[in-house]
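Work through the following exercises with the sequence and the model at hand. Each task is followed by its solution in steps.

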Amino acid sequence: MSADISPDGGSHGFRIAVLASGTGSNLQAIVDQLHGREGIEVVGVVSNVAGARALDRAERAAIETAVIPRDDFADRAERDDAIADWLEERDVDLVVLAGYMELLSPGFVRRFEDRVINVHPALLPSFPGLDAVGQALEHGVWVTGVTVHFVDEGVDSGPIIVQRPVSVPLDRDRDRLEEAIHAIEHVLLPEAIRLIAGGRVRVEPGSRRVAISPAATT
Ligand code: GRF
């Protein structure tokens, strides 16, 4: 995957959209570190939750927003089609799930195959699904972490792009662990987007492994 080149030869840059349901601290990290830089542009933010703080953050950065709630549609597939239409109309190269708290339907995943990524607060394949931090604390691991992966039709099961470990504090304090995980997310997610925008990430054919090519030296 690499930045699209329009037919007239001019680059339209690498266009990303973010799907978020809540606070949007990862969206903020993307806006602060990538938006309008290195040929990367955040062209839209979609939420399933009206009033999500992520929407305020987008509006403050003059990024177009849409609220597309599940209740407005007959079923999830129909709602996800509406989201996919909105994204395609904006010619999005990459869809970033940053705290998007719903599963995407198979039709959506097929329309954006290998173009949807998610940030998950654990070292997958450990602790997929909801409350990964709680699962890690409950299990008693001393190292957990952050994973950025491609989204497939399963729950947090797609090919892994990048991962970074985070130590669990000795007192197992949940707030401190969450803070440490968020700090790593805010570095790792932009890093993964940069790699993809630079055309350096591909899923190895016939496997679920991701290959990352070295940075070009000029
Ligand atoms: C993050 O911990 C992310 O890993 C998970 O949801 C949380 C979203 O946080 N998928 P924020 O809304 O980006 O602050």
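A residue is called buried under 20% relative accessible area, exposed over 50%, and partly exposed in between. The model is predicted. The protein chain averages a pLDDT of 94, and 94% of the residues score at least 70. Over residues 1-10, however, the pLDDT is below 50.

**Exercise 1.** Classify W142 as buried, partly exposed or exposed, and state which surface patch includes W142.

*Solution.*
- Step 1. Locate the residue: W142 sits in the loop between α5 (132-139) and β6 (143-150).
- Step 2. The relative accessible area of W142 is 40%, so W142 is partly exposed.
- Step 3. W142 joins V143 and L170 in a nonpolar surface patch, whose accessible area is about 350 Å² together.

**Exercise 2.** Determine which strands pair with β6, and in what sense.

*Solution.*
- Step 1. Strand β5 (residues 116-120) is joined to β6 by 4 bridges, and the two run antiparallel. Within this pairing, V119 has V148 of β6 as its bridge partner.
- Step 2. Strand β7 (residues 160-167) also pairs with β6 in the antiparallel sense, over 7 bridges. Here G145 is matched with P165 in β7.
- Step 3. Check the burial of the strand: 7 of the 8 residues of β6 are buried, so β6 is largely enclosed by the rest of the structure.

**Exercise 3.** Examine the salt bridges of R111, R110 and R174, giving the partner of each.

*Solution.*
- Step 1. The total count of salt bridges comes to 14.
- Step 2. R111 meets D85 in a salt bridge, at 2.7 Å from N to O. Because R111 belongs to helix α4 (residues 106-111) and D85 to helix α3 (residues 76-89), the pair ties together parts that are 26 residues apart in sequence. R111 is partly exposed at 29% relative accessibility, and D85 is partly exposed at 35%.
- Step 3. R110 pairs with E153, the closest N and O atoms being 3.5 Å apart. This salt bridge links helix α4, which holds R110, to the loop between β6 and β7, which holds E153, 43 residues apart. R110 has a relative accessible area of 57% and is exposed, whereas E153, at 47%, is partly exposed.
- Step 4. R174 meets D131 at 2.8 Å, N to O. D131 lies in the loop between β5 and α5, and R174 in helix α6 (residues 174-197), 43 residues apart. D131 is partly exposed at 42% relative accessibility, as is R174 at 32%.
- Step 5. Look for shared partners: salt bridges join D81, D85, E88 and R111 into one network.

Terms used:
Residues are numbered from 1 along each chain as its sequence is written. This is a predicted model: local features need pLDDT of at least 70, side-chain atom pairs count only at pLDDT 80 or more; totals for chains, interfaces and linings use all residues. Side-chain values use heavy atoms; hydrogens and water are left out. pLDDT is the predictor's confidence in each residue, from 0 to 100. Contact means heavy atoms within 4.5 Å. Patches are made of residues with over 30% relative accessible area and no salt bridge: like charges are joined within 9 Å, nonpolar side chains (Val, Leu, Ile, Met, Phe, Trp, Tyr) within 5 Å. Accessible areas come from the Shrake-Rupley method with a 1.4 Å probe; for residues, only the protein chains shown count as cover. A salt bridge is a side-chain nitrogen of Lys or Arg within 4 Å of a carboxyl oxygen of Asp or Glu. Buried means under 20% relative accessible area, exposed over 50%, partly exposed in between (1.4 Å probe, protein chains only). Two strands pair if DSSP finds at least two bridges between them.
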